[in-house]
Amino acid sequence: MKKIFILPIAFLVSALLFSSCEKDDIGGTNGEKTAGEWYVTVVAIDEGGNVVYDDDELFGIGHFHLDTYNTVANDANEMWIDDNTNFWEFKGKVSVDPNALTFSGTDVQNQYYDSKFSVSNGKILIGAATTPSGMPADSIVFDVAFDDDTNLPIGDAVSYRITGYRYTGFTGDE
């Protein structure tokens, strides 16, 4: 009698163990191609996109972290861009072309304080950057201008260009 009782319990336990090993497909967000943490630098540029002042001449902040991430609506056609108060204290929603991996925004409301900024020529280039450790990574580049900027225009400089690569987390890439 004990064998009859133990056998169904053993079968049930083994069935539960095997079924719990299945993995659910979690999936990603609609903005996952454009979302990321980036390690970037900033320069001042003229109307033709030529570098007028490098970081050492402007701010001396060197590399800093910048984030791009999806909105609560999970819309592939918009994303947040956020410097995490590392450069100008700007954060706002910009428009995205998810197929071309481009982004822009005019008079974007800054979420850190009452001001606006504009983003143009934004691109994410898959595998186009080389990190300091020599590994390939995605690249980001965009121009940004701020309505409360009292530094520009300095000479011919009219906006800032932010460029960098997707953050790897490896010490050799910082």
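1. In which loop is Asp-83 found? In this predicted model, Asp-83 belongs to the loop that links strand E4 (78-82) with strand E5 (91-97). The points below treat strand E4 and then return to Asp-83.

2. Strand E4 has a paired strand in E3 (residues 64-70), and the two are antiparallel, with 4 bridges between them. One position to inspect is Asn-70, which stands opposite Met-79 of E4.

3. Strand E4 also pairs with E5; these strands run antiparallel and are joined by 5 bridges. Here Ile-81 has Gly-92 in E5 as its bridge partner.

4. Why is E4 described as largely enclosed by the rest of the structure? The reason is that 4 of the 5 residues of E4 are buried.

5. Is Asp-83 buried or exposed? Asp-83 is buried, yet it has no salt bridge. The nearest side chain of opposite charge belongs to Lys-91, at 9.6 Å. Because a salt bridge requires the side-chain nitrogen of Lys or Arg to be within 4 Å of a carboxyl oxygen of Asp or Glu, Lys-91 at 9.6 Å does not form one with Asp-83.

6. Which backbone nitrogens does the side chain of Asp-83 reach? A polar atom of this side chain lies 3.0 Å from the backbone nitrogen of Thr-85. The side chain of Asp-83 also reaches the backbone nitrogen of Trp-88, at 2.7 Å.

7. With residues up to four places away in sequence left out, Asp-83 touches Phe-64, His-65, Leu-66, Trp-88, Glu-89, Phe-90 and Tyr-112. Trp-88 therefore appears both in this list and as a backbone partner of the Asp-83 side chain.

Note on methods: Residues numbered from 1 in each chain as written. Predicted model: local features only at pLDDT ≥ 70, side-chain atom pairs only at ≥ 80, totals over all residues. Heavy atoms only, no water. Buried < 20%, exposed > 50% of the residue type's maximum accessible area, 1.4 Å probe, protein only. Lys, Arg positive; Asp, Glu negative; His and termini not counted. Polar contact = N/O pair within 3.5 Å; in protein donor to acceptor, adjacent residues only side chain to side chain. Contact = heavy atoms within 4.5 Å. Pairing = 2+ DSSP bridges.
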